[in-house]
Amino acid sequence: MIDTLKGKKGLVIGIANEDSIAWGCAKAFHDAGAELAITYVHPKTEAYSRPLAEELDVPIFMQCDVEKEDELDALFQRINEEWGELDFMLHSIAFAPKQDLGGRVTDCSREGFAKAMDISCHSFIRMARKAEPLMKNGGCLLTVSYYGAEKVVDHYNIMGPVKAALEASVRYLAAELGSGGIRVNSLSPGPIATRAASGIGHFDALLEQAKQKSPEHALVCINCVGAYARFLVSDEAHLVTGSNVYIDAGFNIMGT
Ligand code: NAD
């Protein structure tokens, strides 16, 4: 493994357990030499995330629910105190209330839509704002989207418009922050069996369809996503910004 991230400092938010996409990315960042800050969302989830944080020997391991501005502030304050700078950040989180996720977009509640948008999209904007002053020498902001942002996917429902907003935010942030050397991109993995994915109806059928229809007839794993994320946050990707990158065995190019 080449130390492409040696000396770099990164924040990873979204590790729920060892199935998380964020965990695949964190391992790849660590293996390439980066030092990491990792968060967990709630005291009840700390027990699942702590052994993973210890495995990567992270200097910063903190609670952070993005709905709580004080927790987000405390996280960035700690990063500033510990490192005084930040090179990259991975935002790998999403949430929608069960009732809204399970129904038609037509019927989703105002509150459910606002909550899904706040946690899954606007939190990325808030984090970008807080990261900007720490990225004095430039940096990279990464988030995670899905094909359902672009095309209608059965049972993806409310998350479709939310991810579409996330991808558009990536483009606007990239345009606004580019002069400061800050790149902004989204990864768009094919379906992976994670805790968040278990909330999407008929997810097994989505996995099966991905395998059948993709040119490579393969399912994506968190380590494959991590490998791409590692490249994107490295200096090797210094001219890549505003992109949404599919890691889906080619599924997105296929017609119906
Ligand atoms: P996951 O359940 O492992 O991760 C989701 C994370 O979101 C968890 O760590 C959870 O704690 C966090 N989260 C939820 N609400 C939060 C809040 N208020 N504050 C802070 N964190 C919060 O599932 P995952 O599949 O790894 O999801 C990561 C990202 O990947 C999500 O954005 C998801 O939409 C996206 N994605 C997943 C798939 C898939 O098939 N699994 C495919 C494409 C994109």
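The numbered points below walk through a predicted model of a protein with a bound ligand, taking the annotated sites in turn and then a few individual residues.

1. The model is predicted, and its local features are described where the pLDDT is at least 70, whereas side-chain atom pairs are counted only at pLDDT 80 or more.

2. According to UniProt, in an unreviewed entry, the annotation "binding site" covers G14, S20, I21, D65, V66, I93, K163, I192, A193, T194, R195 and A196. These residues span 183 residues in sequence and the farthest two of their C-alpha atoms are 23.4 Å apart, so they do not all gather at one spot. From this set, the lining of the largest pocket takes in G14, S20, I21, D65, V66, I93, K163, I192, T194, R195 and A196.

3. Turning to the ligand, 27 residues surround it, and the closest are S20, D65, K163, I192 and T194. Each of these five names also appears in the UniProt "binding site" annotation, which includes S20, D65, K163, I192 and T194. Three polar approaches can be described: an oxygen atom of the ligand lies 2.6 Å from a polar side-chain atom of S20, a nitrogen atom of the ligand lies 2.8 Å from a polar side-chain atom of D65, and an N or O atom in the side chain of T194 is 2.5 Å from an oxygen atom of the ligand. On its own the ligand has 820 Å² of accessible area, and the protein covers 93% of it.

4. S20 deserves a separate look, and its place is in the loop between β1 (9-13) and α1 (21-31). With a relative accessibility of 7%, S20 counts as buried, because the cut-off for that class is under 20%. Besides the ligand oxygen at 2.6 Å, a polar atom of the S20 side chain has the backbone nitrogen of A16 at 2.9 Å. When residues up to four places away in sequence are not counted, S20 touches G14, I15 and I222.

5. D65 and V66 can be read together, since D65 is placed in the loop between β3 (60-63) and α3 (69-82), and V66 is likewise in the loop between β3 and α3. D65 is buried at a relative accessible area of 15%, and V66 counts as buried at 4%. Their contacts beyond four places in sequence are as follows: D65 is in contact with V41 and E71, while V66 is in contact with I13, L72, I93, I119, S123, R126 and M127. Of these partners of V66, I93 is itself part of the "binding site" annotation in UniProt.

6. The same unreviewed UniProt entry type gives the feature "active site" at Y146 and Y156, and of these residues the lining of the largest cavity includes Y146. Y146 is in the loop between β5 (139-144) and α6 (159-177), and Y156 lies in the loop between β5 and α6 as well. Y146 is buried with a relative accessible area of 10%, and Y156 is buried with 6%.

7. The surroundings of the two tyrosines overlap. Leaving out residues up to four places away in sequence, Y146 touches V153, Y156, K163, E167, S188, P189, P191 and L206, whereas Y156 touches L101, Y146, G148, K163 and I200. The two tyrosines thus touch one another, and K163 is listed for Y146 and for Y156. K163 is also one of the residues closest to the ligand.

8. D87 is found in the loop between α3 and β4 (88-91), where it is buried with a relative accessible area of 16%. The D87 side chain reaches the backbone nitrogen of K9 at 2.7 Å, and, residues up to four places away in sequence not being counted, D87 touches G7, K8, K9, M135, G138, G139 and C140. Although D87 and D107 are 20 residues apart along the chain, their C-alpha atoms are separated by 41 Å.

9. Two residues with backbone angles worth checking close this note. D57 is not a glycine and yet has a positive phi of about 55 degrees; it lies in the loop between α2 (46-55) and β3 and is exposed, with a relative accessible area of 66%. H202, also not a glycine, has a positive phi of about 55 degrees; H202 is in the loop between β6 (182-189) and α7 (203-213) and is exposed at 58% relative accessible area.

How values were computed
Residues numbered from 1 in each chain as written. Heavy atoms only, no water. UniProt positions renumbered as here; feature names shortened; annotations may be inferred. 1 Å grid on protein atoms, 1.4 Å probe; cavity = no way out; pocket = protein on both sides within 12 Å on 5 of 7 lines; lining within 4 Å. Helix = DSSP H or I, 4+ residues; strand = E, 2+ residues; numbered from the N terminus. Buried < 20%, exposed > 50% of the residue type's maximum accessible area, 1.4 Å probe, protein only. Contact = heavy atoms within 4.5 Å. Near = heavy atom within 4 Å. Polar contact = N/O pair within 3.5 Å; in protein donor to acceptor, adjacent residues only side chain to side chain. Areas by Shrake-Rupley, 256 points an atom, 1.4 Å probe, with all protein chains shown as cover.
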